[in-house]
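Good morning, everyone, and thank you for making room for me today. Please have the sequence and the structure open while I talk, and stop me if a term is unfamiliar.

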Amino acid sequence: MRQLTPLDAQFLHAESATTTAHVAGVAILDPACASTGVVTREALVGLLRRRLHLVPALSMRLADVPLGLDHPYWTEDRAFDVADHVHETVLPMPGDEAQLAEAVAAIHERRLDRGRPLWEMHLIHGLTGGRTALYAKVHHCAVDGVSGAETLTALLDLTPEPRAVEPPQEHPPTVAPGLAGMLAGAVTRSAAHPARVLRSLGRTVADLDVVPVIATLPGARTVAAAARRLSGDGRDLPPAPSLSAPRTPFNGPISARRRFSYGSIPLADVRWVARSSGISVNDVVMTLCASALRSWLLDRGALPDRPLIAAVPVAVRRASAREVVGNQLSAMITPMPTDVACPLERLRIAGETMRAAKRRFARSPATWPSELSSMVPAAVTALATSVVLRLASMAAPPVNLLVSNVPGPQFPLYLCGARVLAYYPMSVLTDASGGVNITCFSYDGSLDFGIVSCPDRLEDAWRLMGHIQEAMDELLTLTEQATGTAPPSAGRVGRAGPRPAAAAPVPIPAPVPVPA
């Protein structure tokens, strides 16, 4: 018997007419090395049927508790057919990157059917160069970024020849309790809720200085420091920076429409800049995002005079996706040096800021996302989550955006015999987190960026991707001047297979809105 955790339930109930809460990604496939020379829906369905037991999240559906008195349960749906979750389409000529992005954005707008296991896959044919794309999405209440990557990895192989997989072992099915069991559990948890609130409150008070919005209230830092002293926590934590998020054009209530852009940067170049500057790859990623956002805001005369505030998800997963359905994550809330004009100074400050945030997180892991979720009664979570997110965006943005960097394998992988050339991740937009989300995934020598935006807040997602690539070119030039050495990519040919050229804005016709 598995029940959604309070944090999982928050992701479920964050959905509304304008918000979808699934994580997704677009894999670009080269079928030239496949035995048949193509990737077909039938082959993908067959692969899923053979390996479904490796990823429990794909065979689970939700079982709701009557009247929303408690969080839903996961129950194994052994009768479902994976073929109902796999779709196929063909892009019109010429099948370029803009058309793929438009098609993917339209699919990303649509909510998953809660009456079935919460995932879908879409094979998209007709890309230039004979390539095929696979768009896959899974609800965020079932997976986080790390387990989502693990889910896809279970379907992939190290060679074009699919590996042999052990058949599923017999095990008792995961079944939700009956009506009486659900109601009894709801009564028990309701009775214990006040005590649970007190425990969660006690653990959260020490983190008040890093909780969005609350950290900006007078006395929040003093209360947090006093709570740590009273609890006997003598660890010397780096002081929390100011977390007051400025208002930007991409903050505020969002619509149901989405835009998507994507592109790749050589990972060797990012590592070279990181080593030369004495910082980490993730620090360079944050600098690139800060630089791109600064350029985008400057173009519109809307650059705030203080740093933007980003929420950076952090995996705290102790078990693999094969063992646990749901989320095991926290978040670091950190400033981005968008207010710094000098690129090298921006790089230095981003490194210092991220080091301080990571040092604090390592010494005192922030559990406040889970703890705050635990304080809210299940019935209130179901009714109020989307409303609270909407109201928060109208008052003051808790954060300006989410930035994620998910590590991946540095060797080629294959799906149904086709080589995976790139994997562009996609994530969630909410009213509270803003109308743009930047996620990157390191794979086979590249950093693959996926940008999801709400066009009512940020129309030209391709231009933002272009700014990221321009920021990388700028850092390469400045680092080469400072070190007297050339970057690793100088004079080299990129990864095998065509790659998106997103450095310049690509005009995309407005898609037909799809009901959420």
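**Salt bridges, cores and confidence**

Let me begin with one pair of charged side chains, in which aspartate 456 forms a salt bridge with arginine 257, and the closest N and O atoms are 2.8 Å apart. Aspartate 456 sits in the loop between E15 and helix H12 (461-483), while arginine 257 sits in the loop between helix H6 (220-230) and strand E8 (259-266), so this pair ties together parts that lie 199 residues apart in sequence. Aspartate 456 is partly exposed, with a relative accessible area of 45%, and arginine 257 also counts as partly exposed, at 24% relative accessibility. I should say at this point that we are looking at a predicted model, and I will come back to its confidence at the end.

In total, the structure holds 20 salt bridges. Another of them joins the side chains of arginine 131 and glutamate 97, at 3.0 Å from N to O. Here too the pair links distant parts of the chain, since arginine 131 is in the loop between E6 and E7 and glutamate 97 is in helix H3 (residues 97-108), 34 residues apart. Are these two partners buried or exposed? Arginine 131 counts as buried because its relative accessibility is 2%, and glutamate 97 counts as buried at 15%.

For a contrast, please look at glutamate 345 and arginine 348, whose side chains meet in a salt bridge at 2.3 Å, N to O. They are three residues apart in helix H9 (residues 343-363), which means that about one helical turn separates them. In general, an α-helix has 3.6 residues a turn, so residues three or four places apart point the same way. Glutamate 345 is partly exposed at 30% relative accessibility, and arginine 348 is partly exposed at 37%. There is also a network, in which salt bridges that share partners join Glu15, Arg111 and Arg114.

Let me turn now to the nonpolar interior. The largest nonpolar core has 49 residues, and those that touch the most other members are Leu44, Leu48, Trp119 and Leu415. Several elements each supply at least two residues of this core, including helix H1 (6-13), strand E2 (22-30) and helix H2 (41-51), and the largest share, four residues, comes from H2. Within H2, the buried residues are Leu44, Val45, Gly46, Leu47, Leu48 and Arg51, and they pack against strand E5 (86-90), E6, E7 and strand E12 (414-415). If we leave out residues up to four places away in sequence, leucine 48 touches Leu58, Val82, Val86, Trp119, Met121 and Leu155. A second, separate core of 45 residues includes Met332, Ile438, Ile451 and Ala471.

Helix H1 is mostly covered, with seven of its eight residues buried, and what covers those buried residues includes E3, E7, strand E10 (329-336), helix H10 (368-375) and helix H11 (378-395).

Finally, how far does the predictor trust its own model? The protein chain averages a pLDDT of 87, and 90% of the residues score at least 70. Among the elements, helix H4 (residues 145-153) has the lowest mean pLDDT, 67, whereas strand E15 (residues 446-453) has the highest, 98. Over residues 493-516 the pLDDT stays under 50, although the model has 53 contacts beyond four places in sequence for that stretch.

Conventions. Residues numbered from 1 in each chain as written. Predicted model: local features only at pLDDT ≥ 70, side-chain atom pairs only at ≥ 80, totals over all residues. Heavy atoms only, no water. Core = buried A, V, L, I, M, F, W, Y, C linked by side-chain atoms within 4.5 Å. Buried < 20%, exposed > 50% of the residue type's maximum accessible area, 1.4 Å probe, protein only. Contact = heavy atoms within 4.5 Å. pLDDT = per-residue confidence, 0-100. Salt bridge = Lys/Arg side-chain N within 4 Å of Asp/Glu carboxyl O.
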